[in-house]
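Let us take a friendly walk through this structure, one stretch of chain at a time. Keep the 3D view open and turn it as you read.

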Amino acid sequence: QVQLVESGGGLVQPGGSLRLSCAASGSIFSIYHMGWYRQAPGKQRELAAVVTSGGTTNYADSVKGRFTISRDKAKNTVDLQMNSVKPEDTAVYYCNAKNSLSGMNYWGKGTLVTVSS
C-alpha cells in the first residue's frame with residue numbers, strides 16, 4: 001500500500017517562501033513520477049510541478065521560475081520549494097505518485113497553503 005504524507009503548509013505573506021515536503025512509503029519509488037498538484041477554492045485540481053522517475057522536471061507556467069521541485073530517491077521524499085509566492089498560489093497542495101510502469105496514481109491528503117498579508 002502506497003502512502004504519501006505531506007507537510008509544510010501554512011500561512012505565508014506575499015513575496016515570501018515556503019517549503020512543502022512529501023514522504024512516501026510502501027513501494028519502490030524510483031519507478032514513480034512524483035508531483036505536486038494544487039486545488040484552489042472553487043477550481044479544479046491542477047499540476048504545479050512534477051519530477052519524473054528519470055529526473056526530468058516540468059512546471060506549470062504559473063509557477064515557473066518561482067517553484068522548484070526536488071526528490072531524494074534514497075529517502076523517498078519529494079519537496080516543493082515555493083518562492084515569491086502570490087495570493088493566487090493559495091490552495092490545497094497534494095503530493096502525487098504515479099507508477100511509470102502501470103500508470104497507477106496515488107495521492108496524499110493534502111496540505112493547505114494560504115498566501116495573505
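## A walk along the strands

Strand β1 (residues 3-7) has side chains that alternate: L4 and E6 point to one face and are buried, while Q3, V5 and S7 point to the other and are not. Please keep in mind that this is a predicted model.

S7, which lies in strand β1, is a good residue to pause at. What is the relative accessible area of S7? The value is 39%, so S7 counts as partly exposed, because buried means under 20% and exposed means over 50%. Strand β1 runs antiparallel to β3, and five bridges join the two. Within that pairing, S7 has S21 of β3 as its bridge partner. If you also look at R19, you will find its C-alpha 8.7 Å from that of S7, although 12 residues separate the two in sequence.

Now step back to see the whole chain. How many helices and how many strands does the protein chain have? There are zero helices and 11 strands, and the pattern along the sequence reads β-β-β-β-β-β-β-β-β-β-β. Along the principal axes, the C-alpha atoms fill a box of roughly 40 × 25 × 25 Å. The radius of gyration is 13 Å, which agrees with the value near 13 Å that a compact globule of 117 residues would have. Of those 117 residues, 39% count as buried.

From here, move to strand β4 (residues 32-39), which pairs with β9 as well as with β5. Eight bridges join β4 to β9, and the two run antiparallel. On this side, R38 stands opposite Y93 in β9. The pairing of β4 with strand β5 (residues 46-51) is also antiparallel, over five bridges, and there G35 has V50 of β5 as its bridge partner. Strands β4 and β5 form a hairpin with six residues between the strands, and G42 in this hairpin takes a positive phi near 75°.

Positive phi values turn up at other places too. Most residues other than glycine have a negative phi. With that in mind, look at N76, a residue other than glycine whose phi is positive, near 55°. N76 lies in the loop between β7 and β8 and, with a relative accessible area of 24%, is partly exposed. S84 is another residue other than glycine with a positive phi, here near 50°. Its place is the loop between β8 and β9, and at 41% relative accessibility S84 counts as partly exposed.

## The disulfide

Next, follow the sulfur atoms. A disulfide is a covalent bond between the sulfur atoms of two cysteines. The structure holds one disulfide, which joins C22 to C95 with an S to S distance of 2.1 Å. The link of C22 and C95 is left-handed, with -85° about the S-S bond. Which parts of the chain does the pair tie together? C22 lies in strand β3 (residues 18-25) and C95 in strand β9 (residues 91-99), so the disulfide ties together parts that are 73 residues apart in sequence. Both C22 and C95 are buried.

## Spaces in the model

Finally, turn to the empty spaces. The count comes to one cavity of 30 Å³ or more, with a volume of about 60 Å³ for the largest cavity. Its lining is made of A24, F29, S30, M34, R71, D72, K73, N76, T77 and V78. The elements that give two or more residues to this lining are β7 (67-72) and β8 (77-82). N76, already met for its positive phi, is one of the lining residues. By class, the lining has four nonpolar, three polar and three charged residues.

How much space lies in the largest pocket? The answer is about 180 Å³. Residues that line the largest pocket are R38, Q39, A40, K43, Q44, R45, E46, S62, E88, T90 and A91. This lining divides into two nonpolar, four polar and five charged residues. R38, which you saw opposite Y93, is one of the residues in the pocket lining.

Terms used
Residues numbered from 1 in each chain as written. Predicted model: local features only at pLDDT ≥ 70, side-chain atom pairs only at ≥ 80, totals over all residues. Heavy atoms only, no water. 1 Å grid on protein atoms, 1.4 Å probe; cavity = no way out; pocket = protein on both sides within 12 Å on 5 of 7 lines; lining within 4 Å. Points joined across faces, edges and corners; volume = space filled by probe spheres on them. Helix = DSSP H or I, 4+ residues; strand = E, 2+ residues; numbered from the N terminus. Nonpolar A, V, L, I, M, F, W, Y, C, P; charged D, E, K, R; others polar. Disulfide = S-S within 2.5 Å. Buried < 20%, exposed > 50% of the residue type's maximum accessible area, 1.4 Å probe, protein only. Pairing = 2+ DSSP bridges. Rg over C-alpha atoms; globule rule 2.2 N^0.38 Å.
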